[in-house]
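New to this one? Have a look at the sequence and the model below, then read on for a quick tour.

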Amino acid sequence: MSLLDVDDIHTYYEHSHILQGVSLQAESGRVTALLGRNGVGKTTLIRSVIGFTPPRTGHIRFSGEPIERLPSHTIARRGVGLVPQGRRVFPSLTVEENLRLGGLPGRVGRWSLETVYGMFPGLRERAANYGGQLSGGEQQMVAIGRALMSNPVLLLMDEPSEGLAPLIVRELERTMCRLKETGLAIVLVEQNLPLALAVADTAYIISKGRVVFHGDPQTIRTDDEVRTKYLGI
Ligand SMILES: Nc1ncnc2c1ncn2[C@@H]1O[C@H](COP(=O)(O)OP(=O)(O)O)[C@@H](O)[C@H]1O
Ligand SMILES: [Mg+2]
């Protein structure tokens with residue numbers, strides 16, 4: 001049994017039929033990459049899992065339990081964390097206040113303010129700074145730290161490298177590898193193919209709301225046809 005089992009979901013925005021029968025699995029201690037061009041439905045898949053835009057049909061099981069009809073806060077309390085696209089760090093709250101927002105009563109574990117600062121020492125120095133004063137890389141650390149504060153079992157990361165300088169992307173890669181070693185399951189949406197292929201254990205490519213490829217990340221690296229046909233690169 002997989003930790004996350006998305007089974008034939010169909011998700012809509014009103015009359016727009018975005019996800020047209022998507023299935024995927026994610027496992028503990030593994031990074032599952034979700035690739036695909038802009039607008040194919042990657043964020044919608046993340047939103048379906050966390051319950052912001054529940055699927056109209058199909059099933060989502062987490063730790064064996066159906067979650068597709070649960071409200072987002074309940075899904076979060078079951079152990080699903082989110083690093084949203086665009087980071088969504090509150091500019092007028094301090095780093096520490098942003099991090100504390102991620103905590104959930106009843107979800108204790110390895111992650112606390114102290115261990116998040118241990119993982120991102122730069123954030124400890126910036127604890128009293130406002131979110132709006134941070135660089136893109138620091139904001140991404142806050143977004144990840146905030147999600148970790150809920151001690152998730154599964155972390156959904158939506159384009160975390162977007163807008164970051166190459167050196168910071170390397171740091172992000174190391175962070176994801178360290179998180180994976182803790183046993184965390186990560187679903188990673190990424191446009192940065194080298195990054196995604198470096199950290200992923202398995203990869204899905206989505207095109208027009210459907211999974212068109214699932215397999216070894218190495219195949220995407222070596223198979224020109226898969227890359228040009230589905231990723232346009
Ligand atoms: N809130 C919304 N209402 C209506 N359509 C939306 C909304 N959000 C996204 N879409 C549409 O759904 C499709 C998939 O979007 P999205 O999941 O954000 O794609 P991706 O993350 O792969 O770039 C796009 O055509 C987009 O325009
Ligand atoms: Mg998106």
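Start with the ligand: the side chain of threonine 43 has an N or O atom 2.8 Å from an oxygen atom of ligand 1. Bear in mind that this is a predicted model. The chain splits into two domains, and the points below go from the ligand to the place where those domains meet, then on to the salt bridges.

**Around ligand 1**

- Threonine 43 has company, as ligand 1 is surrounded by Tyr13, Ile18, Arg37, Asn38, Gly39, Val40, Gly41, Lys42, Thr43 and Thr44.
- Glycine 39 uses its backbone here: one of its backbone N or O atoms sits 2.7 Å from an oxygen atom of ligand 1.
- Valine 40 also comes in through a backbone N or O atom, this time 3.3 Å from an oxygen atom of ligand 1.

**How the chain is divided**

- Domain 1 is made of three stretches, 1-79, 154-160 and 185-233, while domain 2 covers 81-152.
- If you go from the C-alpha centre of domain 1 to that of domain 2, you cover 24 Å.

**Where the two domains meet**

- On the domain 1 side, 15 residues make contact with 14 residues of domain 2.
- Interface size is often quoted as the accessible area that is lost when the parts come together.
- For domain 1 and domain 2, the buried area is about 1,200 Å², with carbon and sulfur atoms giving 59% of it.
- What holds for charged pairs across this interface? The rule finds zero salt bridges between domain 1 and domain 2.
- Polar contacts do turn up, though: eight residue pairs between domain 1 and domain 2 are counted.
- Helix H1 (42-50), helix H2 (72-78) and strand S7 (154-158) each give two or more residues to the side of domain 1 that touches domain 2.
- Of these, S7 gives the most, with five residues.
- That side of domain 1 comes out as nine nonpolar, two polar and four charged residues.

**Salt bridges**

- Side chains with opposite charges can pair up when their charged atoms come close.
- How many salt bridges does the rule count? The count comes to nine.
- One pair is glutamate 114 with arginine 124, where the closest N and O atoms are 3.1 Å apart.
- This pair links distant parts of the chain, since glutamate 114 is in helix H4 (residues 113-119) and arginine 124 is in helix H5 (residues 121-125), 10 residues apart.

Technical notes:
Residues are numbered from 1 along each chain as its sequence is written. Chains are lettered from A and ligands numbered from 1 in the order in which they are written. This is a predicted model: local features need pLDDT of at least 70, side-chain atom pairs count only at pLDDT 80 or more; totals for chains, interfaces and linings use all residues. Side-chain values use heavy atoms; hydrogens and water are left out. Domain bounds come from an automatic or database domain assignment. Contact means heavy atoms within 4.5 Å. Buried area is the accessible area (1.4 Å probe) that two parts lose on being put together, summed over both. A salt bridge is a side-chain nitrogen of Lys or Arg within 4 Å of a carboxyl oxygen of Asp or Glu. A polar contact is a pair of N or O atoms within 3.5 Å; within protein, one must be able to donate a hydrogen and the other to accept it, and residues adjacent in sequence count only if both atoms are side-chain atoms. Helices (H or I, at least four residues) and strands (E, at least two) are DSSP runs, numbered from the N terminus. Ala, Val, Leu, Ile, Met, Phe, Trp, Tyr, Cys and Pro count as nonpolar, Asp, Glu, Lys and Arg as charged, and the others, Gly among them, as polar. A residue is near a molecule or strand if one of its heavy atoms lies within 4 Å of it.
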